[in-house]
Amino acid sequence: MTLSAQEASSLSTRGLTKSWLTCPTRRRPPHEPNCLIQTEWDLTPISLRVQGEREGKSAMTLVVRPARPDDATAIARVQVATWRTTYRGIVPDEYLDSMEEEPRARYGRDVTSRDAEAAGKPFVVVAEDTGRGVVGFAAAGPERRGDPHFCGELEAIYILQEYQRQGIGRRLVREVVQRLLQRGFNTMLVWVLAENPYRRFYEALGGSVLCSEQLTIGGKTLGKRAYGWDDIRHLAGTPAHASK
Ligand SMILES: CC(C)(COP(=O)(O)OP(=O)(O)OC[C@H]1O[C@@H](n2cnc3c(N)ncnc32)[C@H](O)[C@@H]1OP(=O)(O)O)[C@@H](O)C(=O)NCCC(=O)NCCS
C-alpha cells in the first residue's frame, strides 16, 4: 500500500533486474521458524497515546492505531502530499504533479477492509493527531518477493512534513514490528530510493544495506536500496522520543 498498488509495484517489483539475482539476501539460508504466517489478523487496538509538545506549536495528542477503511482518503492525502515534499527534485515534477488521491484511496480502502480477515496480507497503521486527523501511516506485511531470509517488509512509511522528526516514525515502526512479530516474522526489509535523504531514518534504526537496484518512475531511472534487519525484536521496544 502506501504507494498505490501501482507505486508499490513500481518501488518494489518493477526493479526486478539481474542485480536482484545476485542480491546477498537471496544467498542466505531460509530461517523457517521466522516465516510462520499466522492465520488470524490481529487488530488489537493500540493503546498508545502521548502528549507531544511541538516546537513553537501547540501540544498534540497523537494516537497510533490500525487503519480503518474510512481512513483511506486521509491516508491517500498524506501519501500524495508527502511524496511531493520528499521526492521533489528526485522524481520528475510531472509525475508528482499528476498524482491523484482517489485511486490511492480506493486501494487503501481495499487493503484496510481486507485486513481484518486475511492472513498473510499487508496491514496499515496510522498516526492520528486528534486535532487534525491522520498525519502519517505505515504499511507492512509479508516480504513481497519471496526472499528466503527477510520475511517481513515495511512497504511504506509517510509522515506529513510538519510532523516529521518528532518521533512519530519510530512509533509507527514499533507498531509495525510488533504486528510482524505477532505474525511470526522476526526479520524485515524496506526499499528506499537511493537519493532519498530520509534513508538515514533506517540507518538510525540499525538497518543494513542489502542490495541496490534500479527502477523507473515517470520516465526517469532511479536507484533504490534495500535495508534489512536480521532481528527486529529490539525495534518493538524502541523508545519513542515523542513520549519523552
Ligand atoms: C522517514 C520518516 C518516516 C521518519 O519519521 P520521523 O517521524 O520524521 O522520524 P523520527 O523523528 O522518528 O526520527 C528517528 C531518527 O531517525 C533519524 N532521521 C529521521 N529523519 C532523518 C533525516 N531526514 N535525516 C537524517 N536522520 C533522520 C534521526 O536519527 C532521528 O532521530 P533524532 O530526530 O533524535 O535525531 C519521515 O520523516 C517521513 O515520512 N519522511 C518522508 C517520506 C519518506 O522518505 N518515507 C520513507 C520512504 S521509503
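Q: How many bridges join strand S7 (residues 208-217) to S8?
A: The model is predicted: local features need pLDDT of at least 70, side-chain atom pairs count only at pLDDT 80 or more, and totals for chains, interfaces and linings use all residues. Residues are numbered from 1 along each chain as its sequence is written. Strands (E, at least two residues) and helices (H or I, at least four) are DSSP runs numbered from the N terminus, and strands pair if DSSP finds at least two bridges between them. S7 and S8 run antiparallel, and the bridge count for them is nine.

Q: Which residue takes a positive phi in the hairpin of S7 and S8?
A: Follow the chain out of S7 and you pass Thr216, which stands opposite Thr221 in S8. Two residues sit between the strands of this hairpin. The one with phi near 55 degrees is Gly218.

Q: Which residue in S8 does Val192 stand opposite?
A: S8 also pairs with S6, in the antiparallel sense and over six bridges. S8 covers residues 220-229, while S6 covers residues 188-193. Opposite Val192, in S8, stands Arg225.

Q: What is the bridge partner of Gly152 in S6?
A: S6 has a parallel pairing too, with S5. Three bridges join S5 to S6. For Gly152, the S6 partner is Met188.

Q: How many of the six residues of strand S6 are buried?
A: Buried here means 20 or more other C-beta atoms within 10 Å of a residue's own (exposed is 12 or fewer, partly exposed lies in between, and C-beta atoms are placed from the backbone). S6 is largely enclosed by the rest of the structure, because its tally of buried residues is five.

Q: Why does Met188 count as buried?
A: Met188 is found in strand S6. Leaving aside neighbours within four places in sequence, Met188 is in contact (C-beta atoms, placed from the backbone, within 7 Å) with residues including Phe150, Glu153, Leu154, Val177, Leu180 and Ile232. Met188 counts as buried because its C-beta neighbours inside 10 Å number 26.

Q: What separates the C-alpha atoms of Met188 and Asp230?
A: Along the chain, Met188 and Asp230 are 42 residues apart. In space, their C-alpha atoms are separated by 7.0 Å.

Q: Is Trp229 buried or exposed?
A: Trp229 has its place in strand S8. Not counting residues up to four places away in sequence, it touches Thr187, Met188, Gly206, Gly207 and Leu235. The C-alpha of Trp229 is 8.6 Å from that of Asn186, 43 residues apart along the chain. With 24 C-beta neighbours inside 10 Å, Trp229 counts as buried.

Q: How many of the 15 residues of H7 are buried?
A: H7 should span 21 Å at 1.5 Å a residue (1.5 Å times one less than its number of residues), and its end C-alpha atoms agree at 21 Å apart. Its buried residues include Ile168, Gly169, Val173, Glu175 and Arg179. H7 is largely enclosed by the rest of the structure, because its buried count is 11.

Q: Which residue just after H7 takes a positive phi?
A: In the loop between S5 and H7 lies Arg165, a residue other than glycine with a positive phi near 60 degrees. Arg165 is exposed, with 12 other C-beta atoms within 10 Å. Just after H7, the residue with a positive phi of about 90 degrees is Gly184.

Q: Which residue follows H4 and has a positive phi?
A: H4 has 16 residues and reaches 22 Å from its first C-alpha to its last, close to the 22 Å expected. Among its buried residues are Ala72, Ile75, Val78, Gln79 and Tyr87. After H4, with phi near 90 degrees, comes Gly89.

Q: Which residues come nearest the ligand?
A: There are 20 residues around the ligand, where near means a C-beta atom, placed from the backbone, within 6 Å. Elements that give two or more residues to this shell are helix H4 (72-87), strand S5 (152-159), helix H7 (168-182) and helix H8 (199-204). Those that come nearest are Gln164, Gly169, Tyr198, Arg200 and Ala204.

Q: What percentage of the 244 residues of the protein count as buried?
A: The protein has eight helices and eight strands. Of the contacts with a separation of 6 or more, 70% come from residues 24 or more positions apart. The share of residues that count as buried is 42%.

Methods:
Contact = placed C-beta atoms within 7 Å.
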